[in-house]
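Work through these exercises with the model open beside you. Try each task before you read its solution.

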Amino acid sequence: MEFRLLGEPELRAGGQLFDLGTPRQQAVLAVLAVESPRPVAIETLVDRVWDDAPPVAARNVLYSHLSRIRRLLADAAARSPGLVARIERRHAGYALTVEPDRVDLHRFTRLVERGHDPLLPDDDRAGALAEALALWRGTPLAGVPGSWAEQVRGTWHQRRVDAVVRWGRIELRLGHPDRVITAGSALAAEYPLVEPIEVLLMRALHLAGRDAEAVDRYTATRQRLADELGTDPGPELRALHRAILRGEPPAPAVPERVVPAARTVTPPAQLPPDGYGFAGRDRELSQLDGLLAVAGAQPTALAIVTVSGTAGVGKTTLAVHWAHLVRDRFPDGQLHLNLRGFDPSGTPVAPAEAVRGFLDALGVPTERTPAGFEAQVGLYRSLLAGRRVLLLLDNARDAEQVRPLLPGAPGCLVVVTSRDELTGLIAEGARPLTLDLFDDDDARELLARRLGPERVAAEPEAVTRIVALCARLPLALAVLAARAATHPGFGLGVLADELGRARGGLDEFAGGDPATDARAVFSWSYLQLSPGAARMFRLLGLHPGPDIGTSAAASLAGLPVAPARALLAELARAHLVTQHTPGRYVCHDLLRAYANEQAHLVDPPDERRAALRRMLAHYVHSADVADRLLNPLRFDPPVLAAPPTGVTVDGPPDHGSALVWFDAERRVLLATLRQVTGFDVEVWQLAWMLRRFLSYQGHWQDSIDALSAALAAARRLDDSGRQAFAHCFLACAHVWFGRYETARVQFDTALELYRVAGDRIGEGNTHFHYSWMLDRQDRHPEALAHAERSFEAFRAVGHRAGQARALNAIGWFHTMQGRHAEALVYCRQALEIQGELDDRLAQAETWDSLGYAHMLLGQHDEAISCYRTAIELYQDFHYSYNRAHGHAALGDAHHAAGDLESAGAAWRVALDLLDGLGHPEAEAVRTKVEKLRAAGPSADEARANHPLD
């Protein structure tokens with residue numbers, strides 16, 4: 001008997017293909033098979049089968065479908081003696097009971113998990129993945145209608161691609177490029193925009209000696225990406241193409257290894273794109289090559305190169321270009337960070353923030369990041385020890401900002417750019433390169449690259465004047481060239497005359513500093529803008545940075561998105577902003593300073609304030625939408641005023657999109673909290689909306705920074721309730737760092753302020769988190785007391801979601817003290833309320849508590865059912881750690897029940913997830929897996945050795 005979902009749904013038994021009925025009936029069976037063996041609620045079945053338009057008698061129709069499917073399964077079972085497949089009615093809904101391997105989708109999952117097992121030899125892993133991929137017959141659930149089926153199709157297509165990439169890498173490692181070429185060519189045609197498949201094919205073609213075909217594939221892929229997505233190939237594909245053209249060995253594929261204290265990660269490739277039209281600097285490039293060679297002559301020393309010079313002289317452009325030229329010498333990755341040392345906002349990146357960002361790029365999960373700055377630096381240097389990594393530290397303020405970011409061992413290359421000469425680093429062995437203005441030849445070359453050699457050669461005198469008027473400053477020349485390129489019919493002499501007049505109007509800015517002389521070029525380019533683009537440019541100078549999204553810029557200007565996008569495109573064509581990723585724009589700090597200057601000269605104070613208010617409203621309301629997706633049943637969210645006219649609110653459609661939105665805007669939101677003044681209500685609201693994301697992602701120091709800004713704003717507002725909120729969640733952040741005494745003081749302060757404000761919901765929430773802190777300290781009787789106070793506070797104001805969470809906590813603390821039967825009572829009460837509220841995340845937590853209590857009572861079947869339900873709910877919220885914890889606990893329950901095969905399968909899933917997170921609990925689970933594999937104990941022995949018995 002076999003249920004086949006990876007294609008048109010089919011049921012085969014005893015060699016016979018059974019008719020599954022109408023598309024709606026197929027949808028019912030598909031839902032049950034995908035979810036098997038978990039029960040599916042009637043309401044869920046209705047939603048998934050009919051979307052938002054069920055018939056009036058949907059339940060009756062559903063019962064008819066279920067009845068026919070039961071008869072169908074009985075007929076199939078009669079053709080397959082000994083095999084059972086039936087639909088059971090349970091308290092949580094209907095469930096299809098069948099061996100998991102009888103459903104091709106579940107068999108695919110098991111085989112892929114085997115292909116991920118690092119303890120298996122490559123041959124076995126490749127075989128498992130090949131067997132999994134062979135199960136595909138076409139589009140999953142083909143012909144099944146509805147948005148649920150479409151979502152399943154999207155998910156499983158992605159899992160197929162991931163499996164293909166992993167299989168291909170293993171096969172290439174085993175020396176089988178022909179297999180990859182044969183299978184990969186068909187898959188590339190099916191997934192024409194998936195770059196990892198193209199990387200596999202190009203690597204396979206290269207290994208097979210078919211370099212010309214590999215280059216042709218790259219050309220076709222680049223054109224396809226440009227036509228379909230408007231993007232260029234990614235860095236891995238570009239690097240592979242470049243290596244093949246040069247006849248060099250391609251950089252190795254992403255290694256599958258577990259980094260100590262970190263999760264298995266792709267080597268970081270953070271270099272910005274090498275800009276189009278790089279010109280000149282041949283002498284400086286040779287110097288840099290020489291500095292690298294000299295540094296390599298002393299193998300025990302760290303290689304550091306400093307590139308210094310005035311603003312706009314092209315330090316970053318040169319450093320990025322050279323970094324791309326030498327990146328292949330650093331196979332363990334490239335790290336990049338703009339330290340914003342001379343940012344107009346006056347807020348350089350703190351070394352602690354920089355180190356945390358690099359730890360994240362190197363794969364260190366937030367829960368493994370040490371609390372103290374010195375410990376973080378130590379971990380960072382330990383991870384870089386023995387590796388060859390290129391670090392580009394751009395726009396450093398001084399040597400003190402850089403020193404904590406330097407690796408502690410040789411092998412890495414550090415390139416630092418700064419307006420400061422960084423003499424402290426040079427005295428310690430850094431190799432300096434001072435970048436001067438362009439000479440005349442380099443300046444002419446840049447213009448020729450941007451405008452075409454014929455146009456430049458046709459008017460040499462005008463070019464000479466332009467070079468002089470731009471003071472040979474590369475940034476000024478680039479801005480002018482961008483404007484000139486938009487007027488190809490204008491003679492360069494005409495443009496030189498206009499620039500001369502603009503400079504004459506800014507004589508007070510002229511002087512010995514080319515950065516100030518550049519204002520004339522900025523002014524000339526700015527004055528060529530349309531009025532709308534000029535206004536947009538000025539308003540961008542008010543934004544805190546480091547970059548801005550299209551809808552935020554539209555809100556800042558009070559415009560719809562479409563015209564705002566057009567204005568941003570005009571600014572990009574003028575080289576006044578750069579679109580560094582699709583839909584996000586950055587501005588050189590000199591240009592930002594000039595824009596801010598113009599805004600204060602041209603726009604009245606009330607208009608500037610209105611623009612800032614619209615910007616804040618955009619971020620607050622967009623964050624509100626995203627935060628609501630992270631937890632629809634939020635505790636006491638702030639009441640927001642309607643956004644001002646002209647504000648565009650981003651609306652991420654689902655939980656995953658909300659995480660993506662927050663991740664893209666995190667640095668902007670934190671900069672906004674630090675820099676914007678005079679908007680205390682909005683600052684506090686923004687911190688409220690941002691807190692959950694920072695907590696879920698483990699950005700604890702960012703959380704402290706955001707909540708500190710919220711606390712300062714609340715104090716200026718003299719609002720005790722808002723102050724209490726900040727104190728409560730500051731305490732939570734300190735708990736994650738293990739600072740329990742600091743957290744206790746914050747919790748006590750929050751409780752007192754909530755009492756003053758008469759906010760019982762706030763009191764209940766604080767007691768709840770207080771109990772969590774005490775739980776982490778194994779102070780369970782005290783924790784229980786706070787959980788009970790939390791329940792009483794929530795009950796006093798009828799806050800049912802809060803009551804349910806508190807009841808679950810009470811149950812948990814009962815089982816922590818050995819009172820398991822009482823724990824079940826409290827947790828079931830919690831679950832009943834959460835089911836009525838459809839609070840799915842809280843239900844997952846409660847099912848987990850129930851599973852633990854049942855297991856300690858020896859009720860293994862009940863524990864297994866509870867854990868499976870919790871895992872499924874956590875899956876909906878993409879909570880990898882909670883899923884891992886659930887699988888580990890499920891394995892414990894199977895082990896205690898004597899089902900060693902199921903225990904091993906669950907533990908392996910948990911291990912894969914925990915390894916992916918780099919979580920310390922992985923080692924304990926790994927020990928269980930290895931012990932089970934090595935010893936193969938009997939069920940009685942397994943129970944005797946179980947750590948919970």
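**Exercise 1.** What is the strand order in the open sheet of three strands, and is the pairing parallel or antiparallel?

*Solution.* Remember that this is a predicted model.
- Step 1: Read off the order, which is β11-β13-β12. The pairing is antiparallel.
- Step 2: Find the edges. They are β11 (548–549) and β12 (578–581), and each pairs on one side only.
- Step 3: Look at one pair. β11 and β13 (residues 584–586) run antiparallel to each other, joined over two bridges.
- Step 4: Place a bridge by residue. Gly 549 has Arg 584 of β13 as its bridge partner.

**Exercise 2.** Determine how helix α1 and helix α3 cross, and list the residues in contact.

*Solution.*
- Step 1: Locate the helices. α1 covers residues 23–35 and α3 covers residues 58–79.
- Step 2: Check the axes. They come within 10 Å and cross at roughly 75°.
- Step 3: Classify the angle. Angles of 65 to 115 degrees count as roughly perpendicular, so α1 is roughly perpendicular to α3.
- Step 4: List the contact. α1 supplies Arg 24, Gln 25, Val 28, Leu 29 and Leu 32. α3 supplies Leu 62, His 65, Leu 66, Arg 68 and Ile 69.
- Step 5: Sort by class. The contact of α1 with α3 has six nonpolar, two polar and two charged residues.

**Exercise 3.** Explain why Cys 732 and Cys 866 form no disulfide.

*Solution.*
- Step 1: Recall the chemistry. A disulfide is a covalent bond between the sulfur atoms of two cysteines.
- Step 2: Set the cut-off. The two sulfur atoms must lie within 2.5 Å.
- Step 3: Test Cys 732. The closest cysteine sulfur is in Cys 728, at 4.9 Å, which is too far for a bond.
- Step 4: Test Cys 866. The closest cysteine sulfur is in Cys 827, at 9.4 Å, again too far for a bond.
- Step 5: Add the surroundings. Cys 732 is buried, with a relative accessible area of 9%. Cys 866 is buried too, at 5%.
- Step 6: Widen the search. The whole structure has zero disulfides.

**Exercise 4.** Identify the buried residues of helix α13 and what they pack against.

*Solution.*
- Step 1: Go to residues 351–361, the span of α13.
- Step 2: Pick out the buried residues: Glu 353, Ala 354, Val 355, Arg 356, Phe 358, Leu 359 and Ala 361.
- Step 3: Name the helices they pack against: α14 (373–384), α28 (655–675) and α30 (700–717).
- Step 4: Add the strands, β7 (334–338) and β8 (390–396).
- Step 5: Look past the helix. Gly 363 follows α13 and has a positive phi, near 95°.

Conventions. Residues numbered from 1 in each chain as written. Predicted model: local features only at pLDDT ≥ 70, side-chain atom pairs only at ≥ 80, totals over all residues. Heavy atoms only, no water. Axes fitted to C-alpha atoms, helices over the stretch in contact; angles between N-to-C directions. Helix = DSSP H or I, 4+ residues; strand = E, 2+ residues; numbered from the N terminus. Parallel < 35°, antiparallel > 145°, perpendicular 65-115°, else oblique. Contact = heavy atoms within 4.5 Å. Nonpolar A, V, L, I, M, F, W, Y, C, P; charged D, E, K, R; others polar. Buried < 20%, exposed > 50% of the residue type's maximum accessible area, 1.4 Å probe, protein only. Pairing = 2+ DSSP bridges.
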